[in-house]
Amino acid sequence: MSRIAWVCFDVGEVLVDESRVWRAWSEALAVPAFPLQAVLGGCIAQDRDHREAFALVGRPDWEAVAPTVEQLLGPLTAADLYADALPTLADLRRHGWRVAVCGNQPARRRDELAAAGITAEVLTTSDHLEAEKPDRAFYDRLLAALGDPAPAQVAYVGDRVDNDVAAAAAAGLTPVWLRRGPWGRLGEDRGGQAAATVDTLAELGPVLRALAA
Ligand SMILES: [Mg+2]
């Protein structure tokens with residue numbers, strides 16, 4: 001295993017706690033939080049696209065309320081970050097790792113994350129890359145944004161086995177699976193593709209050091 005030079009973070013359920021996002025969906029769809037979130041969990045457990053949950057709770061017209069969700073949500077702020085997000089980014093930087101942030105996110109999240117205190121050498125989104133996980137182009141363009149380091153020297157930290165672990169491994173990156181949020185808890189790394197698995201970001205430093213050993 002080559003030494004890890006870059007640590008790139010996914011956003012949803014890695015740096016950002018998406019609880020408020022899902023409450024906004026409940027409100028916008030006029031569907032109580034319990035059935036929406038339970039059906040969402042069912043979709044995740046069955047490896048179905050989570051957006052199928054909207055139709056299953058009776059709102060096949062969900063795309064029409066997306067602007068309302070954004071209105072209710074407003075910008076993501078520091079209060080939406082997991083408590084270990086900022087300390088981990090600072091700690092990794094202090095120990096010499098280069099830090100990047102990029103997930104499947106709308107373009108406006110870049111400025112919101114920066115305003116929330118996220119500091120990264122490269123802070124970008126799928127919208128900026130014009131490619132979404134799990135497409136190979138997302139990872140290829142991410143590597144280009146980092147200045148084309150050797151892919152294996154880039155650890156990609158994400159909560160989803162499909163989008164973050166398997167897809168990053170297929171592009172030659174070193175996936176680190178964070179088991180939090182619904183995808184992280186329900187997923188199974190059947191292919192054993194994660195180079196490491198953690199429950200919190202605070203575990204990352206020692207894990208990255210072990211990967212280099
Ligand atoms: Mg995520």
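The exercises below, each with a worked solution, concern a predicted model of a protein structure.

**Exercise 1. Find which residue forms a salt bridge with Arg 109, and state where the two partners lie.**

Begin with the side chain of Arg 109, which forms a salt bridge with Glu 70, the closest N and O atoms being 3.3 Å apart. The next step is to place the partners: Arg 109 belongs to helix H6 (residues 109-115) and Glu 70 to helix H4 (residues 66-73), so that the pair links distant parts of the chain, 39 residues apart. Then consider how far each is covered: Arg 109 counts as buried because its relative accessibility is 6%, whereas Glu 70, at 26%, counts as partly exposed. Finally, widen the view, and Glu 70 and Arg 109 turn out to be linked with Arg 108 and Glu 112 in a network of salt bridges.

**Exercise 2. Explain why Glu 18, although buried, is not counted as having a salt bridge.**

First locate Glu 18, which sits in the loop between strand S1 (6-9) and helix H1 (19-29). Next look for a partner: the nearest side chain of opposite charge is that of Arg 109, and it is 7.1 Å away. A salt bridge requires a side-chain nitrogen of Lys or Arg within 4 Å of a carboxyl oxygen of Asp or Glu, and therefore Glu 18, with Arg 109 at 7.1 Å, has none. To complete the surroundings, set aside residues up to four places away in sequence; Glu 18 then touches Gly 12, Glu 13 and Gln 105.

One of these contacts, Glu 13, deserves a further step. Glu 13 lies in the loop between S1 and H1, and it has a positive phi of about 65° although it is not a glycine. Glu 13 is buried, because its relative accessible area is 6%.

**Exercise 3. Take the salt bridges Glu 121 with Arg 98 and Lys 133 with Asp 164, and decide for each residue whether it is buried or partly exposed.**

In the pair of Glu 121 and Arg 98, the side chains meet with an N to O distance of 2.5 Å. Glu 121 is in the loop between H6 and strand S3 (122-125), while Arg 98 is in strand S2 (residues 98-103), so this bridge ties together parts that are 23 residues apart in sequence. With a relative accessibility of 49%, Glu 121 counts as partly exposed, and Arg 98, at 36%, is partly exposed as well.

In the pair of Lys 133 and Asp 164, the N to O distance is 2.8 Å. Here Lys 133 comes from the loop between helix H7 (126-129) and helix H8 (136-145), and Asp 164 from helix H9 (residues 161-170), so the parts tied together are 31 residues apart in sequence. Lys 133 counts as buried at 6% relative accessibility, and Asp 164 counts as buried at 1%. Lys 133 has a further feature, since a cis peptide bond with omega of about 10° joins it to Pro 134, a residue also placed in the loop between H7 and H8.

**Exercise 4. Explain why Cys 8 and Cys 102 do not form a disulfide.**

The starting point is that a disulfide is a covalent bond between the sulfur atoms of two cysteines. The closest cysteine sulfur to that of Cys 8 is in Cys 102, and because the distance is 5.8 Å, it is too far for a bond. The cut-off used is 2.5 Å between the sulfur atoms. Both residues are buried, with a relative accessible area of 0% for Cys 8 and 0% for Cys 102. The structure as a whole holds zero disulfides.

**Exercise 5. State which residues are closest to the centre of the largest pocket, and which helices supply its lining.**

The largest pocket encloses about 1300 Å³ of space. Of the 45 residues that line this pocket, the closest to its centre are His 50, Arg 51, Asn 104, Arg 160 and Trp 183. Turning to the helices, at least two lining residues are supplied by each of H1, helix H2 (33-45), H4, H7, H9 and helix H10 (181-186).

Technical notes. Residues are numbered from 1 along each chain as its sequence is written. This is a predicted model: local features need pLDDT of at least 70, side-chain atom pairs count only at pLDDT 80 or more; totals for chains, interfaces and linings use all residues. Side-chain values use heavy atoms; hydrogens and water are left out. Helices (H or I, at least four residues) and strands (E, at least two) are DSSP runs, numbered from the N terminus. Buried means under 20% relative accessible area, exposed over 50%, partly exposed in between (1.4 Å probe, protein chains only). Lys and Arg count as positive and Asp and Glu as negative; His and the chain ends are not counted. Contact means heavy atoms within 4.5 Å. On a 1 Å grid over the protein atoms alone, a cavity is a set of points where a 1.4 Å probe fits but cannot get out, and a pocket is an open set with protein on both sides within 12 Å along at least five of seven lines; lining residues have an atom within 4 Å of a point. Grid points are joined across faces, edges and corners, and a volume is the space filled by probe spheres set on the points.
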